[in-house]
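Trainee: Got a few minutes to go through this one with me? I'd like to start with a single residue and work outwards.

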Amino acid sequence: YGGRLSSVLDMSMKDGNRERFGVDGTVGVMSSRVLVEGPIQKNRSSFLFSARKSYIDKASTWVANNADAVLNYGYYDIHAKLSTDIGKRDRLMLSGYVGKDGLANNAKAGLTANEDGIVWGNQAASLRWNHLYSGKMFANTSLVYSYYKARIAFGDYDATSGRRTTSSIQSSITDYTLKHDIDYHHN
């Protein structure tokens, strides 16, 4: 925002379709994705589910058999959201996210990202109540959970003895938030 040196990423998850059921997806060489959405109760509540997964790690396994060294990367993420009207002026939304990425440094030796590489992931859930006071004023009350975890591992594989040794550093943070916002639009 505002052309500053740092940036802000503003993300919001769309609601599922309240009128009809739908499926959208793509199957690719490097990744696939799917989105399923539809009404739970027509014009009153909806669901949305989306997921994606990479196949880069599968291709890297093939490359590892034909090269001296190779980086092996993979990811997945899953989103889900339920939303419902609980009155003419009130709406309730429940959403969740789980995602994980991993980059293995030594796929040639058969070591995973947990043994020689970096793994990071997120989990998040939120429950939000939206109340419309008037055409100009509304409130959002949110209960939010988030969890982030990262692990960096340094591994070694002795092909002669078949032994694996690993040292690692791990970090995580968990956050709980209760937030209440009131917005008023004068014009």
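Trainee: Where does Leu178 sit?

Mentor: Leu178 is in strand β8, residues 163-184. Strands here are DSSP runs of E with at least two residues, helices are runs of H or I with at least four, and both are numbered from the N terminus. Bear in mind that this is a predicted model, where local features need pLDDT of at least 70, side-chain atom pairs count only at pLDDT 80 or more, and totals for chains, interfaces and linings use all residues. Residues are numbered from 1 along each chain as its sequence is written, and side-chain values use heavy atoms, with hydrogens and water left out.

Trainee: Is Leu178 buried or exposed?

Mentor: Exposed, because its relative accessible area is 68%. The cut-offs are under 20% for buried and over 50% for exposed, with partly exposed in between (1.4 Å probe, protein chains only).

Trainee: Which residues form the nonpolar patch with it?

Mentor: Leu178 shares the patch with Ile40, Leu82, Ile86, Leu92, Leu94, Leu127, Trp129 and Leu143, and together they have about 850 Å² of accessible area. The elements giving two or more residues are β5 (90-104) and β6 (117-132). Patch members have over 30% relative accessible area and no salt bridge; nonpolar side chains (Val, Leu, Ile, Met, Phe, Trp, Tyr) are joined within 5 Å, like charges within 9 Å. Areas come from the Shrake-Rupley method with a 1.4 Å probe, and for residues only the protein chains shown count as cover.

Trainee: Switching to charges, how many salt bridges are there?

Mentor: Eight, counting a side-chain nitrogen of Lys or Arg within 4 Å of a carboxyl oxygen of Asp or Glu. One of them joins Glu37 and Lys14, at 3.7 Å from N to O. Glu37 is in strand β2 (residues 31-41) and Lys14 in the segment before β1 (22-27), so this pair ties together parts 23 residues apart in sequence.

Trainee: And how covered is each partner, Glu37 and Lys14?

Mentor: Glu37 counts as buried because its relative accessibility is 13%, while Lys14 is partly exposed at 48%.

Trainee: What does Asp77 pair with?

Mentor: Arg52, with the closest N and O atoms 2.8 Å apart. Since Asp77 lies in strand β4 and Arg52 in strand β3 (residues 45-54), the bridge ties together parts 25 residues apart in sequence. Asp77 is buried at 6% relative accessible area, and Arg52 is partly exposed at 40%.

Trainee: Which residues are linked in a network?

Mentor: Asp15, Arg18, Lys81, Asp85 and Arg91 are linked by salt bridges. Asp85 is worth a look: this residue is in strand β4 (residues 72-85) and counts as partly exposed because its relative accessibility is 22%.

Trainee: What is Asp85 in contact with, beyond its neighbours in sequence?

Mentor: Leaving aside neighbours within four places, Asp85 is in contact (heavy atoms within 4.5 Å) with Arg18, Asn43, Arg44, Asp90 and Arg91. The side chains of Asp85 and Arg18 also make a polar contact at 2.9 Å. That term means a pair of N or O atoms within 3.5 Å; within protein, one must be able to donate a hydrogen and the other to accept it, and residues adjacent in sequence count only if both atoms are side-chain atoms.

Trainee: Last one: in what order do the elements run?

Mentor: From the N terminus, β-β-β-α-β-β-β-β-β, which is one helix and eight strands. Of the 187 residues, 24% are buried.
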